[in-house]
Amino acid sequence: MTDRLFIAYMAAFEAATRHVGNCPACRDNLPCKAGDPLHARFLRLQQVWTARSNVSGKHRRDSTP
Ligand SMILES: [Zn+2]
């Protein structure tokens, strides 16, 4: 199954990670015109992905002992 959200999430993660590797400002958590959109995109996709994972996790039995 191809999961576009997961692929976009991984691509955003890679782009942000690669940028941080080459950007001292981002490593120091400083504002960065090039990096900020990458991080914003990654965080947004991470939230969507985490929210979706949590929803599917609720169907598991181990959520209620
Ligand atoms: Zn940067």
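A nonpolar core is taken here as a set of buried Ala, Val, Leu, Ile, Met, Phe, Trp, Tyr and Cys residues joined through C-beta atoms within 7 Å. A residue counts as buried if 20 or more other C-beta atoms lie within 10 Å of its own, as exposed if 12 or fewer do, and as partly exposed in between, with C-beta atoms placed from the backbone. The structure is a predicted model, in which local features need pLDDT of at least 70 and side-chain atom pairs count only at pLDDT 80 or more, while totals for chains, interfaces and linings use all residues. Residues are numbered from 1 along each chain as its sequence is written.

The protein holds three helices and zero strands, in the order α-α-α from the N terminus. These elements are DSSP runs numbered from the N terminus, with helices (H or I) of at least four residues and strands (E) of at least two. Of the 65 residues in the protein, 8% are buried.

A good place to start is helix α1, which covers residues 4–22. Its 19 residues reach 27 Å from the first C-alpha to the last, close to the 27 Å expected at 1.5 Å a residue; the expected span is 1.5 Å times one less than the number of residues. Tyr-9, Ala-12 and Ala-16 are the buried residues of α1. Seen down the helix axis, they fall within an arc of 65° and so line one face of α1, the arc being that of the directions from the axis to the C-beta atoms. An α-helix has 3.6 residues a turn, so residues three or four places apart point the same way. The other side of α1 carries exposed residues, including Arg-4, Glu-14 and Asn-22.

The buried residues of α1 reappear in the largest nonpolar core, where Tyr-9, Ala-12 and Ala-16 are joined by Leu-38 and Phe-42. Helices α1 and α3 each supply at least two residues of this core, and the largest share, three residues, comes from α1. Beyond its neighbours within four places in sequence, Leu-38 is in contact with Ala-15, Ala-16 and His-19, contact meaning C-beta atoms, placed from the backbone, within 7 Å.

Turning to α2, Cys-26 lies in this helix and is partly exposed, with 19 other C-beta atoms within 10 Å. Residues up to four places away in sequence aside, Cys-26 touches His-19, Val-20, Cys-32 and Gly-35. Asn-29 follows in the loop between α2 (24–27) and α3 (35–57). Asn-29 has a positive phi of about 60° although it is not a glycine.

Notes:
Two residues are in contact if their C-beta atoms, placed from the backbone, lie within 7 Å.
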